[in-house]
Every structure is written in structure tokens, then in C-alpha cells.
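Q: I have a sequence and a model on screen, and I would like to learn how to read the packing. Where do we start?

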Amino acid sequence: MSRRTWSVVALASVVALGGCGIPDRVVGMRAAPTEVIGAAAFTPAAARQISQRALDVAHEAMTGPDKNSAARKAALVGPALRLAEVPDKFVAEGATSAFTLPPSATLLGVSRGRDWPRYLLTTAQADGIQSLYVLVQPDAKTPFKLQTTVPMEAGASVPALPPLTEGVQSASSGTDLIASPQKIVDAYAAALAYPTSSSARSSVVALDDAFAKGILASSADQAKALGKLGTFTRSHAAFDQDTVSFQLADGSAIAFVQLSRRDRLKPTSKAKELVLSSALAKLAGTTKVTEAATLDWLETLAIVIPKTGKAQIVAASEQLRAISAK
């Protein structure tokens, strides 16, 4: 039984024993204090303890002796769980999982109000990489779980983000922002598709971050390498149910999103087959492609959305999770 349930039971017992009720002249009786609805759900000290405990549990689920599906699902949810469930063969050599967790974290913000879901936003450095972490508590009966982990872009830093002096709260649909989080994500996904028309160069999100530059460059290189012997296409689709955004202290917002990216290579009539690189061939289980090869990736992003100007990617990662070839 929870602490709140015990309190209610105790109060009900006192009233029942009073028989005629409680006189309004009882010493010490006064109106209950008004709750500050907009205040942070936890004190900074409590939030730090909760976030560190949740990260410790997540780390144990990934690296401890009890690493299994049940342990992962108890500690992770959404984007983080998808990364954790990536088959070992796709994880970089020497890594224990598709992502790393820090020994300690710095609290950035706490949800306002008393409703659920509640969120904690933290940052930490692990193996020389600064990352952002989103923790979520869906309801009062469920402990906080790690929802999103994403490394900061080179050149971006936590001090560059507006200070979260009064906690964070879910952002609105984008009334006071340059665009809604969903519109930003859709524009970014369209701009990184291949082939891409010039109209996809969005006016609401910048494409000068290292991640976007890398994706665009690799698409051009792959298409050039295939030439007339094959076609290359690249598409993105967001896991909309897991997109979460928070209002920052200056009125801007930071949104966290995970996308599924699909790269597809297909030989043309001018080529009987395509030959995969040794690394891809090992993962696909074949060296030759006569029909098509499809690579399925997870992309995790953190996007700062201002009130004016273009949105900017401040953290990004990609992880191959499946490959098929015929």
C-alpha cells in the first residue's frame, strides 16, 4: 500500500470515531495550504537522486549479469529500449550495447505540476562524449525509466541551451515557436531523404549540423558509386508516439525524437548483381545482391526549437539494427 493510501485510511478512521464530527473550534485546525500547481514535481535534490537511481538501474539492465529482455523492459522504454534491443552483431566491436550510460549525471530540468507522465532531463559525460538523457515516469505506480539517450553534436554544449531554472514542462503544439515539433521533424526527415527535391530545403530547420551534413554527403557518395549500375533511396519515418518536447526557460523548446531510416540499394538492368562490402556481407549473410538490399537504422535526435529563426540539431546518433539482401 502506498504512503498516500495509508494517509487517507488514517484520516477516515479519526472522523468515524468522532461520532458527532470535528468541531470547527478545535485548536490547530486551519485551511490546507494551496498547492503551487506550476512548481516542479520534485525538489532538485530529490530529482537528482531519482535520475541517478534510474540510470543505475538502466546500466545494470544492460551490463549486469541479469541482462535479459525483462530487465531491459523494466528499466527502459521507447527509443532507449529499441537501441538496447539491437542485435549484438550490429553493435560496434568492444561496446556492450548500442549506447553507454554515465557513472553520474547532472540534472537539467524537472517536470512542472503534479500530473503524469513526469520527466527528468539530465546530461552527463561518458567516454569523453557529452550526452542528454530523458527519464519518464508514466504513472504513480511505475518507477522512472530511461526513454531517450543521445550524444551531443560536436560543437554543441549544455551551457548553450537556455537555463532550466524552474523545471521543464511539455511544450505546446508550437504556438509560440517557429514551428511545432512535429513540423520540424517532418521537415528534417524530408530534407535528409534521397533523392531529395530542392523544395525539401526547409525554412524552419537548419541543415548545417554535422549529422545532416554526414547523411547528405553519404547519400551523394553512395549514388555516385552505384552510377548506372544501381539505384539508391533513403527515407525516414518518425516514431511519433515517442516524440517528447519541453519548454525551456526562454520560451524556446527542446524536442527529442527517434526516426527509422531505410536505405535501399537495387541493381538496374545494366547490372546482374551488386557486390556488398565485406562488412555488410558479413551482416547480411550474402555477398551478392540480385534483387535489393535494405538497411534499417535508428536515428535519435535532440532539436532546439526557437521562437524565431531556424531549429537546430544539438544531439544526434544513428545505429544500424537490421539488414536484408536478396
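**Reading the packing**

A: Start with one helix and ask what its buried side faces. This is a predicted model, and in it the buried residues of helix 5 pack against helix 6, strand 6 (230–238), strand 7, strand 8, strand 11 and strand 12.

Q: Which residues of helix 5 are buried?

A: In helix 5 the buried residues are Pro-181, Ile-184, Val-185, Ala-187, Tyr-188, Ala-189 and Ala-191.

Q: What is the setting for that helix, in terms of the whole chain?

A: Look at the element count and the buried share before going into detail. The chain has seven helices and 12 strands, and buried residues account for 45% of its 326 residues. Contact range is another thing to check: of the contacts between residues at least 6 apart in sequence, 63% join residues at least 24 apart. The accessible surface is about 17600 Å², with 55% of it belonging to carbon and sulfur atoms.

Q: How many residues does the largest nonpolar core have, and which have the most contacts inside it?

A: A core is read as a set of buried nonpolar residues linked through their side chains. Here the largest one has 25 residues, and those with the most contacts inside it are Ile-184, Tyr-188, Val-205, Phe-211, Leu-301, Ile-303 and Ile-305. At least two core residues come from each of helix 5 (181–191), helix 6 (210–226), strand 8 (253–267), strand 11 (293–305) and strand 12 (312–325). Helix 5 gives the largest share, six residues.

Q: What does Ile-184 touch, beyond residues up to four places away in sequence?

A: With those neighbours set aside, Ile-184 touches Ile-178, Ala-179, Val-204, Val-205, Ile-303, Ile-305 and Ala-311. There is also a second, separate core of 23 residues, which includes Ile-50, Ala-71, Ala-80 and Leu-107.

Q: How should I read a polar residue in the interior? Take Gln-258 in strand 8.

A: Check the burial, then look for polar partners. Gln-258 is buried, because its relative accessible area is 0%, and the cut-off for buried is under 20%. Its side chain has a polar contact of 2.9 Å with the side chain of Arg-82, and another of 3.1 Å with the side chain of Thr-300. The side chain of Gln-258 also reaches the backbone oxygen of Pro-79 at 3.3 Å.

Q: What is the distance in sequence and in space between Gln-258 and Ala-80?

A: Gln-258 and Ala-80 are 178 residues apart in sequence, with their C-alpha atoms 9.5 Å apart.

Q: And Thr-300, the partner of Gln-258: is Thr-300 buried or exposed?

A: Thr-300, found in strand 11, is buried, with a relative accessible area of 1%. Outside its neighbours within four places in sequence, its contacts include Leu-83, Thr-148, Val-257, Gln-258 and Ala-315.

Q: What about a charged residue such as Arg-234 in strand 6?

A: Use the same two steps. Arg-234 is buried, with a relative accessible area of 6%. A polar contact of 2.8 Å joins its side chain to that of Asp-263. Among the other residues that Arg-234 touches are Leu-192, Tyr-194, Ile-215 and Arg-261.

Q: How many aromatic pairs are there?

A: Ring pairs are read from the centre distance and the angle between planes. The structure holds three. One of them is Tyr-119 with Phe-246: the centres are 5.1 Å apart and the planes lie at 70°, so the pair is edge-to-face. Tyr-119 lies in strand 2 (residues 118–126) and Phe-246 in strand 7 (residues 244–247), so the pair ties together parts that are 127 residues apart in sequence. Both residues are buried, and together with Phe-256 they form one aromatic cluster.

Q: Which arginines lie over the face of a ring?

A: Arg-82 lies over the face of Phe-239, at 3.7 Å from the ring centre. Arg-261 lies over the face of Trp-297, at 4.5 Å from the ring centre.

Q: Where should I look for cis peptide bonds?

A: Most peptide bonds are trans, and omega is the angle to check. A cis bond joins Trp-116 and Pro-117, with omega about 5°; Pro-117 is in the loop between strand 1 (106–110) and strand 2. Another cis bond joins Tyr-194 and Pro-195, with omega about -5°, and Pro-195 is in the loop between helix 5 and helix 6.

Conventions
Residues are numbered from 1 along each chain as its sequence is written. This is a predicted model: local features need pLDDT of at least 70, side-chain atom pairs count only at pLDDT 80 or more; totals for chains, interfaces and linings use all residues. Side-chain values use heavy atoms; hydrogens and water are left out. Helices (H or I, at least four residues) and strands (E, at least two) are DSSP runs, numbered from the N terminus. Buried means under 20% relative accessible area, exposed over 50%, partly exposed in between (1.4 Å probe, protein chains only). Contact means heavy atoms within 4.5 Å. Accessible areas come from the Shrake-Rupley method with a 1.4 Å probe; for residues, only the protein chains shown count as cover. A nonpolar core is a set of buried Ala, Val, Leu, Ile, Met, Phe, Trp, Tyr and Cys residues joined through side-chain atoms within 4.5 Å. A polar contact is a pair of N or O atoms within 3.5 Å; within protein, one must be able to donate a hydrogen and the other to accept it, and residues adjacent in sequence count only if both atoms are side-chain atoms. Rings of Phe, Tyr and Trp (its six-membered ring) pair if their centres lie within 6.5 Å; planes under 30 degrees apart count as stacked, over 60 as edge-to-face and the rest as tilted. A charge sits over a ring if NZ of Lys or CZ of Arg is within 6 Å of the ring centre and within 35 degrees of the ring normal.
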